[in-house]
Amino acid sequence: FSAKTEDKDGNSLAFQFLSGAKVTVLASKTSQRYRIQSDSFEDMWLVVKELVQRFDQHFSKLGIKDFKKSFSGPMPLQEYFLSVDNHFQLRVSAQQYQDLLSERAVQFRAIQRRLLTRFKDKTPAPLQNLDSLLDATYNQVRDT
């Protein structure tokens with residue numbers, strides 16, 4: 001919960017996420033309405049979902065069937081589509097990093113096998129820079 005709210009009458013409640021985003025729930029003084037606002041569209045979903053779910057539970061216990069939930073104003077589809085596109089790009093990027101890490105891990109294990117066979121030989125053979133290649137590959141795996 002946010003420590004301070006803008007409303008002096010206590011008709012609001014603000015939530016601050018770990019990311020720093022804030023979502024405020026405002027209760028109307030005259031009508032029985034709530035307004036949920038935030039600087040970011042995607043941050044409101046959790047508060048909206050929980051509030052609607054709790055209203056449904058509360059009014060179903062009271063036996064009220066004509067409880068109305070509505071959204072006034074134009075649907076923020078542009079923000080929604082931007083969120084979906086951003087999420088898709090993050091998923092593609094994560095898959096690319098996972099593939100790159102897998103490829104470098106395979107290379108790292110191959111170099112380890114070659115070094116182990118060199119160290120197990122009875123007659124010592126030059127490492128042919130396999131040790132520096134192992135270090136470089138390890139650094140690439142660690143940085144990925």
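Two strands count as paired if DSSP finds at least two bridges between them. The exercises below apply this to a predicted model.

**Exercise 1. Determine how strand 1 and strand 2 are related, and how the chain passes from one to the other.**

Step 1. Count the bridges: strand 1 and strand 2 share five, in the antiparallel sense. The cut-off is at least two bridges, so the two strands pair.

Step 2. Find a residue pair that shows the register. Phe15 stands opposite Val23 of strand 2.

Step 3. Follow the connection. Five residues lie between the two strands, which form a hairpin. In its turn, Gly20 has a positive phi of about 105°.

**Exercise 2. Place strand 3 and work out the strand order of the sheet.**

Step 1. Look at strand 2, residues 22-27, and its pairing with strand 3: five bridges, again antiparallel. Val23 has Ser38 of strand 3 as its bridge partner.

Step 2. Combine the two partners of Val23. Phe15 stands opposite Val23, and Ser38 is the bridge partner of Val23 in strand 3.

Step 3. Trace the link. Six residues make up the hairpin connection from strand 2 to strand 3.

Step 4. Write the order. The three strands form an open sheet, 1-2-3, with antiparallel pairing. Strand 1 (12-16) and strand 3 (34-38) are the edge strands, each pairing on one side only. From one strand to the next, the twist averages 15°.

**Exercise 3. State which strands helix 1 lies across, and give its angle to strand 3.**

Step 1. Locate the helix: helix 1 covers residues 45-62.

Step 2. List the strands it crosses. Helix 1 lies across strand 1, strand 2 and strand 3.

Step 3. Read the angle. Helix 1 runs at about 165° to strand 3.

**Exercise 4. Describe residues 74-143 and identify the largest nonpolar core.**

Step 1. Start from the record. An unreviewed UniProt entry lists residues 74-143 as "domain: PTHB1 hairpin".

Step 2. Check the secondary structure. The span is 83% helix and 0% strand, and its end C-alpha atoms lie 45 Å apart.

Step 3. Name the core residues. The largest nonpolar core consists of five residues: Phe108, Ile111, Leu115, Leu130 and Leu134. Helix 2 (77-120) and helix 3 (130-143) each supply at least two of them. Helix 2 gives the most, with three residues.

Step 4. Examine one member. Leaving out residues up to four places away in sequence, Phe108 touches Leu134, Thr137, Tyr138 and Val141. Of these contacts, Leu134 is also one of the core residues.

Key:
Residues are numbered from 1 along each chain as its sequence is written. This is a predicted model: local features need pLDDT of at least 70, side-chain atom pairs count only at pLDDT 80 or more; totals for chains, interfaces and linings use all residues. Side-chain values use heavy atoms; hydrogens and water are left out. Helices (H or I, at least four residues) and strands (E, at least two) are DSSP runs, numbered from the N terminus. Axes are lines fitted to C-alpha atoms, for helices over the stretch in contact, and angles run from 0 to 180 degrees between N-to-C directions. Contact means heavy atoms within 4.5 Å. UniProt positions are given in the numbering used here, feature names are shortened, and annotations may be inferred rather than shown by experiment. A nonpolar core is a set of buried Ala, Val, Leu, Ile, Met, Phe, Trp, Tyr and Cys residues joined through side-chain atoms within 4.5 Å. Buried means under 20% relative accessible area, exposed over 50%, partly exposed in between (1.4 Å probe, protein chains only).
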